[in-house]
Amino acid sequence: MSFIRTLWKCNFGPRLFKVYEITWIGRLVEKSYEPNSLERWGDQIVICFAAIWSISLYTIPLVAIFFYQHSISITENISSLSKLAAGASAIFIAALTARGCSRATNPVYLKFLKTLNEANAHYNAETKQELDKYEFEFWARPIDFKINDIERDATREKLTLEKIAASSGRIKRQTGKEYIFTLPCKFLSYIVAHTFAIKMIYPGSVSVLNWIFRSTLLQGRIHLIKHGGERYKLLTADKNEIDTIFIDQRNKTTNGNVLVITCEGNCGFYETGIKSTPMNKGYSILGWNHPGFGCSTGAPYPLQEENAIDCVMRFAIDYLTFPEEQIILYGWSIGGYTATWAAMNYPSIQSLVLDATFDDVLPLAIMTMSSSLEGLVRNIIRDHFNLNIAEQLNRYNGTVLLIRRTEDEVVCTPSGNSLSGNRGNMLLTKFLIRRYPELFAENSECAALLARFLSADISTRKSIIETVNVDEKQCLNFVAKDIEKNNGIINYPSMLGQDCDSKIKQQIILFLATMYMKDQPSSHCTPLAVDLFQPGWNPTTAMSITE
């Protein structure tokens with residue numbers, strides 16, 4: 001490689017952070033890459049310019065006002081801006097040149113650059129293994145998996161909330177006059193959704209927060225790599241690059257042949273998120289960052305989120321070769337949206353675990369904003385962020401476990417941490433009504449009892465169970481008989497409770513509530529206890545218990 005070409009690649013090459021080495025005892029250690037003072041100075045200048053560019057959209061109006069108030073003419077404004085741009089360009093070019101020259105004389109960076117060039121030219125298992133010895137900027141990594149390269153089943157069309165609403169006839173067709181009248185509101189909703197709303201719903205996508213957390217995320221990623229984690233770059237259908245990490249525990253632990261795919265919250269990253277609980281139980285783990293989070297590109301709008309989790313699922317099935325039946329989806333908080341979307345579209349998964357999740361984002365959004373803005377909030381949510389988790393959950397018929405935080409301060413309406421206002425109650429209620437409608441048919445007492453039960457503390461719940469006289473064995477017997485009527489096949493909506501009186505229905509409802517939902521006495525962000533993570537209750541087990 002000629003010196004000019006090397007210098008050019010060093011100028012515009014990625015930043016190098018760490019170098020991994022294996023000691024003589026087989027232990028993986030990381031060593032910090034040590035740039036000299038000239039490269040460090042150049043890097044800092046380039047980073048500052050990148051930060052300024054990222055916030056320039058929001059500062060342009062302020063700059064325009066400043067020049068308008070402190071200048072006499074447009075010519076003077078243009079002259080001042082030209083001088084400012086020329087000075088900034090000179091500093092930027094000097095920083096790039098200094099950084100490039102310094103890297104070109106650093107043997108560690110040159111060795112890394114050679115490894116990266118070889119991987120880009122011939123990317124395979126061998127060159128990936130060599131490249132994985134370096135921790136560097138994600139944008140420069142070769143792509144490991146492209147979803148468009150996978151042959152898709154043309155008959156398996158993806159379900160979305162929009163398609164569900166359209167097929168059910170819930171979308172009202174507007175006349176031309178109505179459409180014109182609603183245009184101003186739709187335009188305002190679009191502007192707010194694409195500026196402030198997305199940052200409020202997904203604060204983890206704010207570039208400043210990503211910059212603040214960069215060191216923490218790096219340390220978290222190093223920790224995972226030391227524990228056998230392998231990093232991958234996935235390319236979604238809409239060309240977003242998704243940062244993922246895979247910890248393979250197949251044939252190493254009892255649960256290692258089952259893959260847990262984690263779906264983080266609105267400010268969660270795989271480097272520091274929820275993966276530790278299933279990992280400590282010996283499961284294989286596949287973590288990924290939302291579009292716009294960490295090193296993933298894009299923005300966490302619902303369509304991009306759906307394309308991201310779809311790509312992650314195909315990667316797990318087609319590249320990592322995990323059967324769909326050996327995948328558990330684990331969603332925490334707002335991550336329940338992508339987890340339920342995947343469960344709805346990949347119905348053969350082993351289980352769906354939803355932790356500290358809500359039924360619908362709309363009530364939470366309305367509570368956060370002023371009551372005078374409720375109409376605007378409804379338009380923004382339903383048109384741009386329709387995160388209706390309960391609707392998607394009710395399109396999945398497999399095994400489910402819901403985990404509720406008894407002191408949750410985030411997913412409650414009104415705000416606070418009362419059990420009665422926890423939106424997990426509504427998620428379970430909608431779930432049971434859809435799966436077991438006969439238990440609630442023409443009987444308001446059953447719904448009221450369930451609401452009272454979910455709003456009570458642990459001692460009161462025990463008292464309610466004793467008062468209603470819930471017999472677990474008898475309830476399991478009713479479940480088993482219902483399955484036997486369908487020749488051992490579970491069908492939803494179920495006819496369970498069709499021939500039962502009100503008292504028996506109440507017993508079954510409380511029994512089902514305790515089977516499908518488990519409580520953790522903690523706040524929203526406390527890590528899930530290891531013993532609470534499990535695939536969940538499968539009604540078919542009732543048949544073997546009652547035999």
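**Figure 1. Salt bridges across the predicted model.** Count them up and the structure holds 29 salt bridges. Keep in mind that this is a predicted model. The views that follow pick out a few of these pairs, then turn to a domain contact.

**Figure 2. D43 pairs up with R15.** The closest N and O atoms of this salt bridge sit 3.8 Å apart. It's a link between distant parts of the chain: D43 belongs to helix α2, while R15 is in the loop between α1 (3-12) and β1, 28 residues apart. D43 counts as buried, at 9% relative accessibility, whereas R15 is partly exposed, with a relative accessible area of 23%.

**Figure 3. E157 meets K163.** Here the closest N and O atoms of the salt bridge are 3.0 Å apart. E157 is exposed, at 61% relative accessible area. K163, its partner, is partly exposed, at 36%.

**Figure 4. D383 reaches K186.** These two form a salt bridge whose closest N and O atoms are 3.8 Å apart. D383 lies in helix α13 (residues 374-384) and K186 in helix α7 (residues 176-201), so the pair ties together parts that are 197 residues apart in sequence. Both ends are partly exposed: D383 has a relative accessible area of 42%, and K186 has 33%.

**Figure 5. A salt-bridge network around R15 and D43.** Salt bridges with shared partners join R15, E39, D43, R99 and R103 into one network. The D43–R15 pair of Figure 2 is part of this picture.

**Figure 6. Where domain 1 touches domain 2.** The protein splits into domain 1 (3-139), domain 2 (143-387) and domain 3 (418-546). For the contact between the first two, domain 1 brings 15 residues and domain 2 brings 19 residues. Together they bury about 1,400 Å², with 59% of it on carbon and sulfur atoms. On the domain 1 side, K128, E135 and F138 are the trio to look at: they supply 42% of the area that domain 1 buries against domain 2, more than any other three residues.

**Figure 7. Charged and polar pairs between domains 1 and 2.** Five salt bridges run between the two domains, and seven residue pairs are in polar contact (both at pLDDT 80 or more). D144 forms a salt bridge with K128, with the closest N and O atoms 3.8 Å apart. On the side of domain 1 that touches domain 2, β1 (16-22), β2 (28-32), α2 (37-70) and β3 (134-136) each supply at least two residues. The residues of that side divide into nine nonpolar, one polar and five charged.

Conventions
Residues numbered from 1 in each chain as written. Predicted model: local features only at pLDDT ≥ 70, side-chain atom pairs only at ≥ 80, totals over all residues. Heavy atoms only, no water. Domains from an automatic or database assignment. Contact = heavy atoms within 4.5 Å. Buried area = accessible area lost by both parts, 1.4 Å probe. Salt bridge = Lys/Arg side-chain N within 4 Å of Asp/Glu carboxyl O. Polar contact = N/O pair within 3.5 Å; in protein donor to acceptor, adjacent residues only side chain to side chain. Helix = DSSP H or I, 4+ residues; strand = E, 2+ residues; numbered from the N terminus. Nonpolar A, V, L, I, M, F, W, Y, C, P; charged D, E, K, R; others polar. Buried < 20%, exposed > 50% of the residue type's maximum accessible area, 1.4 Å probe, protein only.
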